[in-house]
Structures are given as C-alpha cells and as structure tokens.
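Visitor: Please take a close look at the inside of this protein. I would like the packing and the enclosed spaces in one connected account.

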Amino acid sequence: PLPDRGASRLLVLDRRTGRVEHRCFSDLGGYLDPGDALVLNDTRVIPARLEGRKESTGGRIEITLLREAAGDVTVAAVAAGPTSGRTPSPGSGRSEWEALVRPARRALPGRKFIFGEGNLVGEILPHGAGVSRGERRIVFSTPDGEDPRNVIRRLGKMPLPPYIKRDLDEPSRYQTVYARHEGSVAAPTAGLHFTERHLEDLSARGLSIAYVTLHVGPGTFLPVLVEDIDRHVMEAERFALEAETAGLLNEVRRRGNRTVAVGTTVTRVLESSVGADGFFKGGLGETGLFIHPGYRFRGVDCLLTNFHLPRSTLLMLVCAFAGTDRIRSVYREAVERRYRFYSLGDAMLIL
C-alpha cells in the first residue's frame with residue numbers, strides 16, 4: 001500500500017461519451033454534485049487466518065475461518081469479543097467452525113492441528129459439500145477449558161488475498177477508516193483510498209455520506225471457472241441496509257441526484273434492495289446476486305471501484321456497468337499507464 005491512502009490515482013470514465021481522464025483520488029469530489037449520495041460498506045475485516053501444524057508430523061497448515069457452525073454466528077464473534085452480545089457456553093472449551101484449509105490434502109477427517117504454543121487444538125470433522133475448494137468443518141478446543149474464540153482472537157492474522165505474499169507492516173491498511181461491524185474475511189477495497197479528512201471534505205461539499213454493511217466472504221473473490229457464466233453460483237453474503245439509510249437514498253432519488261456506490265459490495269447491496277420503481281427498502285438479508293453483462297441496474301448511478309483480477313465476478317460486474325468492450329479498452333490503457341491493480345491498487349470512477 002502507498003504510505004498515503006489518498007495518494008492513489010483515479011481513472012475517470014464517462015459512460016455516455018466514452019471519455020477517459022487520469023486524475024488523483026483527491027480529485028473525486030470534482031466529479032460529484034452537492035446532493036449526491038456516496039454509499040460505503042462499513043464492514044470490518046477480522047483476523048481470521050490461523051497458522052498451525054499437524055499434531056503427528058509438524059506439517060504446516062493455514063486456516064481461514066468463515067463462520068461459526070452453531071447458530072447464526074460468524075467470525076464477528078471472534079473480533080468483537082464480549083461486546084458481540086453472544087455469551088459462550090460456560091466451561092465448554094469447544095467451538096465448531098467452517099473454514100478454508102490449505103493445503104486441503106492434509107485436512108482429512110480426524111486429523112488434529114496445533115496452533116500457537118499448543119493452547120489451541122483443531123480437529124477436522126467429516127466433511128460434506130465444499131470439499132473441492134478446500135472448505136472443512138473444524139472443532140477447536142483448549143487444554144485448559146478457555147473459550148477457543150478468545151485464543152483465536154489472540155492468534156489470528158489478517159486474511160490477505162493470496163497474491164499479497166507477506167504480512168502488511170500496518171494491518172490497518174487492509175481496513176477502511178470507517179470500518180465498524182466485524183464479519184468480513186476480505187476488505188471492501190474501493191473504500192481503502194478514503195481518509196477521514198477526505199470524507200469530511202466531501203460532506204462539507206454537500207454530499208450525503210451513507211453506510212451499508214455487507215460481510216464479504218471468499219466467494220466474492222473465487223474465479224469463475226465455467227465457460228457458461230450462467231452456471232456460476234455466487235455464495236450468499238449477509239448484508240444490512242438500515243431503514244433510515246434507505247429513506248435518505250430514496251430522497252436523493254426524488255431530488256434527481258445520483259447514488260454513487262463505493263465498490264462492488266455496495267453495488268450488490270443496493271441492487272438487492274431496490275424495487276422495480278427504483279426506490280430502496282431497508283432490512284437485513286443475504287444476497288447471492290451475480291451481476292454480469294446483460295444485467296439492468298436500478299439502484300446505482302455511478303461506481304467507484306478498483307482494477308480487478310481476470311475471470312472474477314468483480315470484473316464482470318464492472319463490465320455489466322460500463323460495457324465489456326469499453327472496460328477492456330480502459331484496462332489496456334490503465335496497464336499502459338502503469339496503474340496499480342487489485343486490492344491495494346488505484347481506483348476507477350465510472351460516471
């Protein structure tokens with residue numbers, strides 16, 4: 001990541017004219033009007049990555065926690081601790097999770113793995129669906145009966161994308177400055193460019209700053225491996241759009257101003273919450289919405305996003321918003337001009 005969040009470059013694409021401009025991210029406000037709504041995802045990435053070793057041989061294993069198996073509790077419980085509102089079973093000393101395991105070949109049912117200094121043990125349970133992508137069910141226990149979630153909280157690391165080969169010197173750089181609600185295993189990266197000062201300046205210019213929550217799961221970033229994209233299935237992700245926020249966005253619509261989605265996760269929340277009339281309804285839910293070329297947008301007028309990996313659902317969403325041929329052309333130009341791609345790279349504003 002750049003030392004200064006706001007120092008990223010900004011490629012601006014006008015869908016109506018096809019015009020492309022090359023600016024700095026700090027210039028974003030010049031393309032937005034007073035009364036527009038900037039919508040951000042305030043999910044918080046939690047330290048869900050655990051490194052352990054096989055009990056019998058010492059072979060290394062890496063686990064990324066996805067969700068706790070019992071009830072509707074996710075990795076949010078790990079990061080939130082006592083404030084999460086969920087009280088562990090007294091004296092149980094066990095906690096069952098669904099997780100991604102690498103290498104999956106070592107994660108056979110019955111095998112045990114040691115984490116930390118032996119104060120956390122994970123045992124692989126018989127698996128069902130999800131084996132092909134390395135997903136397993138694991139039960140954690142502690143020798144002294146401590147709640148395993150407390151130990152996981154101490155040992156866990158930030159679950160960075162696989163193309164980032166080393167831990168960040170400052171883990172907070174893989175976190176937006178407005179992150180509030182724990183539960184994601186990946187950052188909503190379009191928002192990583194903002195500083196508190198930049199958001200204050202945009203608000204002072206008359207923009208409405210609104211927040212939704214979508215807890216990002218690994219399914220968002222899995223490559224599309226089928227040639228017929230209609231056969232690709234998105235994993236559902238939990239989201240929340242508060243009624244007050246929906247009302248604000250509806251008022252923006254009535255005034256004729258624009259709704260600007262910061263990132264593909266916000267786009268999926270808004271498009272999952274908008275009616276045929278173009279107005280939003282608040283509530284809690286899950287979305288498995290897969291947006292690809294041919295989709296008709298009803299809730300998003302402008303999109304701020306990063307530059308995405310090939311064969312990804314994120315790139316397909318951007319192509320759906322601006323046109324596949326146009327995005328291919330813009331990406332070629334971005335490569336030629338040495339824009340920084342992927343999670344910690346530069347940004348693109350599509351008007």
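Guide: Start with a caution on confidence. This is a predicted model. Residues 71–91 have pLDDT under 50 throughout. For that stretch the model has 39 contacts beyond four places in sequence. Over the whole protein the mean pLDDT is 88. Of its residues, 90% reach 70 or more.

Now the nonpolar packing. The largest nonpolar core holds 48 residues. Those touching the most other members are Leu-11, Tyr-174, Leu-270, Ile-327, Met-348 and Ile-350. Helix α6 gives the most to this core, with seven residues. There is also a second, separate core of 21 residues. Leu-10, Tyr-31, Leu-38 and Leu-199 are among its members.

Take Leu-11 from the larger group. Leu-11 sits in strand β1, residues 9–13. Its relative accessible area is 0%, so Leu-11 counts as buried. Set aside the neighbours within four places in sequence. Leu-11 then contacts Val-20, Glu-21 and His-22, among others. Its partners also include Phe-307, Val-330, Ala-334 and Tyr-339. Ala-347, Met-348 and Leu-349 are on the list as well. One of these, Met-348, is itself among the core residues that touch the most other members. For a sense of distance, consider Arg-136. Leu-11 and Arg-136 are 125 residues apart in sequence, and their C-alpha atoms are 40 Å apart in space.

Ile-350 can be read in the same way. Beyond four places in sequence, Ile-350 is in contact with Leu-13, Arg-15, Cys-302 and Leu-303, among others. Val-318, Phe-321, Ala-322 and Ile-327 are also its partners. Ile-327 is another of the residues with the most core neighbours.

Leu-270 leads to helix α5. This helix spans residues 264–273. Nine of its ten residues are buried, so α5 is mostly covered. The buried set runs through Thr-264, Thr-265, Val-266, Thr-267, Arg-268, Val-269, Leu-270 and Glu-271, and it also takes in Ser-273.

Next, the enclosed spaces. The model has two cavities of 30 Å³ or more. The second largest has about 60 Å³ of space. Ten residues line it. Nearest its centre lie Met-234, Arg-268, Thr-313, Leu-314 and Leu-317. Helices α5 (264–273) and α6 (313–322) are the elements that give two or more residues to this lining. α6 gives the most, with three residues. By class the lining has six nonpolar, three polar and one charged residues. So α6 has two roles here: it gives the most to the largest core, and it gives the most to this lining.

The largest cavity holds about 80 Å³. Its lining includes Pro-1, Leu-2, Asp-4, Arg-5 and Ser-8. Arg-173, Leu-192 and His-193 join them. Arg-340, Ser-343, Leu-344 and Gly-345 complete the list. The classes are four nonpolar, four polar and four charged.

One last residue is Ile-152. Ile-152 lies in helix α2, residues 148–155. Ile-152 counts as buried because its relative accessibility is 0%. Ala-48 is 104 residues away along the chain, yet the two C-alpha atoms are separated by 8.0 Å.

Methods. Residues numbered from 1 in each chain as written. Predicted model: local features only at pLDDT ≥ 70, side-chain atom pairs only at ≥ 80, totals over all residues. Heavy atoms only, no water. 1 Å grid on protein atoms, 1.4 Å probe; cavity = no way out; pocket = protein on both sides within 12 Å on 5 of 7 lines; lining within 4 Å. Points joined across faces, edges and corners; volume = space filled by probe spheres on them. Nonpolar A, V, L, I, M, F, W, Y, C, P; charged D, E, K, R; others polar. Helix = DSSP H or I, 4+ residues; strand = E, 2+ residues; numbered from the N terminus. pLDDT = per-residue confidence, 0-100. Contact = heavy atoms within 4.5 Å. Core = buried A, V, L, I, M, F, W, Y, C linked by side-chain atoms within 4.5 Å. Buried < 20%, exposed > 50% of the residue type's maximum accessible area, 1.4 Å probe, protein only.
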